[in-house]
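Visitor: Hey, can you walk me through the charged pairs in this protein, and maybe a helix after that?

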Amino acid sequence: MQDLYTENKKMVLSVNDLPTLPTVLDEVTELVQDPSSSTDQVAKVISQDQVLSAKVLKMVNSPIYGFPRRISTIQHALVLLGFNVVRGLIISTSVFDAMAESMMGLWEHSLGCAVACTQIAKVAGFKDPEEYSVAGLLHDLGKVVSVVQLPDVKKQVDELVKQKDMSYYMAEKEVMGFSHDRINAWLSDHWNLPLRLREGLVWHHRPKSAQHFPDMACVVHLGDFMSRVFQVGNSGDDQISYLNRYVFKVLNLNQSGIVKILDELDKEYADLSGFRPD
């Protein structure tokens, strides 16, 4: 099993085949780390890539955020959402560009999870709910990368899900020796993602293991569950994911709070139908 784990990890992290992040992201990261940089400077660098800017603005104006008025400039998006959220949207557009048409169900599930994370964070009273939505959007990015890097393995995982009626998560472990949450950890380190975002991506199946930002892991865990309950998209199997009741304690959610989230999602998911990244 260890040999299988090591070999598959090596193939997943084969840099030549990994979805490439736009070079503009490195330039922007350097600017943000400089206290003397302005939002105008950051926006100018992003806007130089017109295709990327258009994709990011489409996401900003999507039902995930539900702004009442259209956001038409990167500068305005940065002011409203902050750099970390815009950075996450740049990563998501790059990763999902690598998705095949057959993976649209996963895209819809990711979008559904992002919407759920926004609503959960709002009801829980957390500041900057948009940051939680980015973690929801990217929580299954390891699945996308494993399909790109290990296409034959994807077929084996799909077969196992059908034959044994098991979850995609467990099938990944049986075939690869690890699951997509472990790939999320490797990619987060490889792309130097913020620790807060990393915790949501890595621990969304095991929120109790999040040591630094358990709130983020718990929101994504519950968001993943909600998206499956409403059957938004398809994340690889027909099962509803395991719900760890620990999240209700961390998020301080009672029954009325959960009902409020469900009511909001009922409306939000109706608006989500038909939205595509391109």
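Guide: Sure. Let's agree on a term before we start: a salt bridge here is a side-chain nitrogen of Lys or Arg within 4 Å of a carboxyl oxygen of Asp or Glu. Also keep in mind that this is a predicted model.

Visitor: Got it. What does K164 form a salt bridge with?

Guide: Its partner is E174, and the closest N and O atoms are 3.1 Å apart. K164 sits in helix α10 while E174 belongs to helix α11 (residues 168-176), so this pair ties together parts that are 10 residues apart in sequence.

Visitor: Is K164 buried or exposed?

Guide: In between. K164 counts as partly exposed because its relative accessibility is 49%. E174 is partly exposed as well, with a relative accessible area of 41%.

Visitor: And which residues do shared salt-bridge partners join into one network?

Guide: That would be E131, R196 and D215.

Visitor: Okay, back to α10. How far apart are D158 and K154 in that helix?

Guide: They're four residues apart in α10 (residues 151-164), which means about one helical turn separates them. As a rule, an α-helix has 3.6 residues a turn, so residues three or four places apart point the same way. The side chains of D158 and K154 do meet in a salt bridge, at 2.9 Å from N to O.

Visitor: Where do those two stand on exposure?

Guide: D158 has 24% relative accessibility, so it counts as partly exposed. K154 is also partly exposed, at 24% relative accessibility.

Visitor: What about D140 and K143, buried or exposed?

Guide: D140 is buried, and K143 is buried too. Their side chains form a salt bridge at 3.4 Å, N to O.

Visitor: How many salt bridges does the structure hold?

Guide: Nine.

Visitor: Good. New topic: which residues are buried in helix α2?

Guide: In α2 (residues 23-33), the buried ones are V24, L25, V28, T29 and L31. Looking down the helix axis, the buried residues of α2 fall within an arc of 160°, so they line one face of the helix.

Visitor: And what does the face turned away from that buried side carry?

Guide: Exposed residues: T23, D26, E30 and Q33 are on that face of α2.

Visitor: Last one. What covers the buried residues of α2?

Guide: The cover includes α3 (39-47), α4 (50-60) and α6 (83-97).

Visitor: So how would you sum up α2?

Guide: Its buried residues line one face, and T23, D26, E30 and Q33 are exposed on the face turned away from the buried side.

Note on methods: Residues are numbered from 1 along each chain as its sequence is written. This is a predicted model: local features need pLDDT of at least 70, side-chain atom pairs count only at pLDDT 80 or more; totals for chains, interfaces and linings use all residues. Side-chain values use heavy atoms; hydrogens and water are left out. Buried means under 20% relative accessible area, exposed over 50%, partly exposed in between (1.4 Å probe, protein chains only). Helices (H or I, at least four residues) and strands (E, at least two) are DSSP runs, numbered from the N terminus. The arc is that of the directions from the helix axis to the C-beta atoms. Contact means heavy atoms within 4.5 Å.
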